[in-house]
Amino acid sequence: MTQLNNLDSELAQELGDFPEDDLDIVFTPKECRTLQPSMPEDGAELDLHVRDCVQTYTREWLIVNRKSQGNSDTCSLKNKGSRKDLHKTLRKQTFESEMLDSSDANLQAGPRQAQVLPEETSRTTLATSDFDLRSLQPDPRLENLLRHVSAEEFERQNEEARRTNRHAELLALYPAVDEEDAVEIRPVPGRPKEHLGNRILVKLQTLKFEIEIEPLFACMALYDVKERKKISENFHCDLNPDSLRGFLRSYTPSIDLSSQARSAVFSVTYPSSDIYLVIKIEKVLQQGEIGDCAEPYAVLKESEAGKTKEKIEKLKAQAESFCQRLGKYRMPFAWIPISLTNVFNLSTLEREIPETEGLNGKGSTSDKRATLLQGRRFSERSLSLEDSSPVSNFKTVSLTLSTFFKQEGDRLSDEDLFKFLADFKRSSSLQRRVKTLPGTIKLEISPAPENLGCCLTPELLPVKPFLENRNRPHKEILEFPIREVYVPHTIYR
């Protein structure tokens, strides 16, 4: 504004004027999901510059509202949503070709029309024919034809005539502009907020094997088979009865509230039919091969009396001694995959990213750029279309599974797991080829409510509303998206 005032008037007019009352500036406090904002613990000892950077996560927003923005006819018409119904308000036009060809109608409507005469009577005079000039109505008189009118007055009369009966939104009949090409439409962006993706709540209810001789632990995570990636951190869950939990009392003098969680909230930004929930069962480390340690679970049953009971007691005593010596170490034991195809409403879901080589690091630069751009568009869309989320409308699913896959000692890597999952997806015969263990696991999968009471973030911060009297919190599990999500980071992690 200062520069404009110092310029000469002609140049200022060319550049345009900036209305002083156009900007409305407001300070708004940042929304915080948690009871306390996430901050570094040793904040006082941080370098001044770093401390200033960290404070940007809690500093209030400076909102600049432009009063005149979005008031153009195009924007108002777009917002009203009246474009598709506009043609109904227009007056129907009739053309001569559509009118009834009735001589009676023509006679009533105006002057009589000349009739085409047959060839033999064409020589007769006009006086004897029906074409009578005297009966014709005179044309309307052109008034003020010879009156002198100035050019300005003539322009004004023409403008008034043009405005008469003009339709207010005539150009709205033109087809709507494609949003991707509409560079002139600049919607005011929403305030940046934490990205959460499509959220599902998984509750573990029961974990039981044929014999109970030692504490067993469940560990859950999400895997995308097609992308060959793990897409969430682990959720550890302890479902042991108090009698078995007592084996590890010397290693757990106190139990934190967060470790008592039995339900996890998973976030999925890019849902697909290739996502599996994998539940791994772990046990306290003991000597011997994994197969040998799992053998008693395959052959023994608690319901059988006699020698079986003696064997179980002996195994229980061995397990207790291992827990006392190696209680802080774990070893893999068994696992079970659960497909989430039924959880995601895939009928309404598009696979946004085409299968180009650009995803795997190959392909041309233009392919990679196109893939990146589509990923950006998808993440923008997924943020703006939260109501039509493919995960928000499925019903709660209760699952009871009775067979676990035995963990093979030489196949512990994620690569081996992806091969297993690919085989499992293609064929149900995997269960016959891989050794299994009898057992029972019950879980419930449901859409995560928006305001889930007593929930902890991945940083173990309590989320509003947090009910103090609840003894088992829910736990949010951090997502590792398969592709970039284009949102600003609004919380310190």
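**Exercise 1. Decide whether K30 is buried, partly exposed or exposed, then describe its surroundings.**

Solution. Start with accessibility. K30 has a relative accessible area of 22%. Buried means under 20% and exposed means over 50%, so a value in between is partly exposed. K30 is therefore partly exposed. This is a predicted model.

Next, place the residue. K30 sits in the loop between β1 (23–28) and α3 (48–55).

Then list the contacts. Leaving out residues up to four places away in sequence, K30 touches T56, Y57, T58, R59, E60 and W61. Take W61 from that set. W61 and K30 are 31 residues apart in sequence, yet their C-alpha atoms are 6.2 Å apart in space.

Finally, look for polar atoms. A polar atom of the K30 side chain lies 2.3 Å from the backbone oxygen of T56.

**Exercise 2. Classify K283 as buried or exposed, and find the partner of its side chain in a polar contact.**

Solution. Locate K283 first: strand β8, residues 275–284. Its relative accessible area is 0%. The cut-off for buried is under 20%, so K283 is buried.

Now the partner. The side chains of K283 and Q286 are joined by a polar contact of 2.5 Å.

Close with the wider contacts. Beyond four places in sequence, K283 touches E214, P215, L216, C293, Y329, R330, M331 and F333.

**Exercise 3. Describe the largest nonpolar core: its residue count, its best-connected members and the elements that supply it.**

Solution. Count first. The largest nonpolar core has 45 residues. F266, L277, I279 and I281 have the most contacts inside it.

Trace the supply. At least two residues of this core come from each of β3 (198–209), β4 (216–224), β6 (235–238), β7 (263–268), β8, α8 (290–299), β9 (330–339) and β11 (436–447). β3 gives the most, with 5 residues.

Zoom in on F266. Its contacts beyond four places in sequence include I200, V202, M220, L222, F235, L277 and I477. N198, R199, S232 and E233 are also among them.

Another core, of 13 residues, lies apart from the largest one. Its members include Y223, F405, F420 and V434.

As background, nonpolar side chains in soluble globular proteins tend to be buried together.

**Exercise 4. Characterise the second largest cavity by volume and lining.**

Solution. Begin with the search. Over the whole structure, 2 cavities of 30 Å³ or more are found. The second largest has a volume of about 40 Å³.

List the lining: D224, I231, V268, T269, Y270, I275, E479, F480, P481 and I482.

Sort by type. The lining holds 7 nonpolar, 1 polar and 2 charged residues.

**Exercise 5. Compare the backbone settings of C454, L460 and P465.**

Solution. Take phi first. C454 has phi near 60°, a positive value in a residue other than glycine. L460 has phi near 65°, also positive and also not in glycine.

Add location and exposure. C454 is in the loop between β11 and β12 (455–456). At 0% relative accessible area, C454 is buried. L460 lies in the loop between β12 and β13. With 40% relative accessibility, L460 is partly exposed.

Now the peptide bond. From K464 to P465 it is cis, with omega near -10°. P465 lies in the loop between β13 (462–463) and β14 (474–477).

Terms used
Residues are numbered from 1 along each chain as its sequence is written. This is a predicted model: local features need pLDDT of at least 70, side-chain atom pairs count only at pLDDT 80 or more; totals for chains, interfaces and linings use all residues. Side-chain values use heavy atoms; hydrogens and water are left out. Helices (H or I, at least four residues) and strands (E, at least two) are DSSP runs, numbered from the N terminus. Buried means under 20% relative accessible area, exposed over 50%, partly exposed in between (1.4 Å probe, protein chains only). Contact means heavy atoms within 4.5 Å. A polar contact is a pair of N or O atoms within 3.5 Å; within protein, one must be able to donate a hydrogen and the other to accept it, and residues adjacent in sequence count only if both atoms are side-chain atoms. On a 1 Å grid over the protein atoms alone, a cavity is a set of points where a 1.4 Å probe fits but cannot get out, and a pocket is an open set with protein on both sides within 12 Å along at least five of seven lines; lining residues have an atom within 4 Å of a point. Grid points are joined across faces, edges and corners, and a volume is the space filled by probe spheres set on the points. Ala, Val, Leu, Ile, Met, Phe, Trp, Tyr, Cys and Pro count as nonpolar, Asp, Glu, Lys and Arg as charged, and the others, Gly among them, as polar. A nonpolar core is a set of buried Ala, Val, Leu, Ile, Met, Phe, Trp, Tyr and Cys residues joined through side-chain atoms within 4.5 Å.
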